[in-house]
Amino acid sequence: MSKNNIAIQWYPGHIAKAERALTEQLKRVDVVFDVRDIRIPHATHHPNLDRWVGNRGRVLVLNRMDTVSREIQQGWKQWFLDRGETPYLTNAKLGKGIAQVQKAAIAAGAPMNEKRRSRGMLPRPVRAVVVGFPNVGKSALINRLLKRKVVESAARPGVTRQLRWIKISPEIELLDAPGVIPSLLENQDNAVKLAICDDIGSASYDNQRVAIGLLEHLEELSEQINSWEKLRSRYEIDPAGYSSEDYLHALAKEKHLGDLERAACQLLSDFRKGNLGALPLELPPQF
């Protein structure tokens, strides 16, 4: 649990409805795209996903690769490879890594068509579904796979509201699913990370508390990712010697006439937009 005891829970009705529909549609799916935010790959792993995937093909996508350093990208890639999973690093917004993801989906669905041929049946397109937390870049990934915009994509959680099938190519049909989150966020440290990265609805949290949570995480990682220097450079306020809460107060006093809410919103916005540099909130365990 975060040091400042944030209590975050968010489970809109449309997500509950979509999850029921998703579990029904999974009966027709051959491959699952597991899309995560590379800044927080553990926090954006849905606890039900392994059960949903079952014996289907799985393509692990670590999106927003541009938000972390190349060293951390390679660290996560190796960590997942060591555990028998091949991660595909993407920047769906700019289209990086998309071709490899499409090839991986076709390869993961190949056993299905081999089975069909063995039974004297014609091959059919691989049916895939994109699953992940809200706002991790699922719609942007689909639009890049299609090479045109067919699903709405926005920098806020909860844009996709219902399931629908989209034909990517003669080889792949894709089910665009709304972001799904656990009905209960038991790990509040992960919930704070989701809020910091804007991967959960803003109605579920207090900006000032989450901004303090961000500062706490940056302090914990400061020696490994030099986050203190990035804060000093951006705000011209040295975080050394401040508690996280006191630093937010100092930022408000120096930059926002004492307005804590504006200071918190600026800090969160700067992190999300990359204005603080390439800063993850989780590091590969071997890093």
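**Exercise 1. The sheet**

Work out in which order the six strands of the open sheet lie, and which strands stand at its edges.

*Solution.* Start with the order: in this predicted model, the six strands run E3-E2-E1-E4-E6-E5, with mixed pairing. Next, look at the edges. Strand E3 (87-89) and strand E5 (164-169) each have a single partner strand, so one side of each has no neighbour in the sheet. Finally, consider the twist: neighbouring strands are turned by 30° against each other on average, direction ignored.

**Exercise 2. One strand pair and the helices**

Find how E1 and E4 are joined, then place helix H3 and helix H4.

*Solution.* Strand E1 (residues 31-37) and strand E4 (residues 126-131) run parallel and are joined by four bridges. Val32, for instance, has Val129 in E4 as its bridge partner. Now add the helices. H3 (residues 70-82) lies across E1, E2 and E3, at about 160° to E3. H4 (residues 98-118) touches E1, E2, E3, E4, E5 and E6, and its direction makes about 165° with that of E2.

**Exercise 3. A salt bridge between strands**

Which parts does the salt bridge of Asp34 and Arg58 tie together, and is each residue buried or partly exposed?

*Solution.* First, the distance: the two side chains meet at 3.1 Å, N to O. Second, the location: Asp34 is in strand E1 and Arg58 in strand E2, so the pair links parts 24 residues apart in sequence. Third, the accessibility: buried means under 20%. Asp34, at 2%, is therefore buried, while Arg58, at 27%, is partly exposed. To finish, widen the view: salt bridges with shared partners join Asp34, Arg36, Asp50, Arg58 and Glu85 into one network.

Methods:
Residues are numbered from 1 along each chain as its sequence is written. This is a predicted model: local features need pLDDT of at least 70, side-chain atom pairs count only at pLDDT 80 or more; totals for chains, interfaces and linings use all residues. Side-chain values use heavy atoms; hydrogens and water are left out. Two strands pair if DSSP finds at least two bridges between them. Helices (H or I, at least four residues) and strands (E, at least two) are DSSP runs, numbered from the N terminus. Axes are lines fitted to C-alpha atoms, for helices over the stretch in contact, and angles run from 0 to 180 degrees between N-to-C directions. Contact means heavy atoms within 4.5 Å. A salt bridge is a side-chain nitrogen of Lys or Arg within 4 Å of a carboxyl oxygen of Asp or Glu. Buried means under 20% relative accessible area, exposed over 50%, partly exposed in between (1.4 Å probe, protein chains only).
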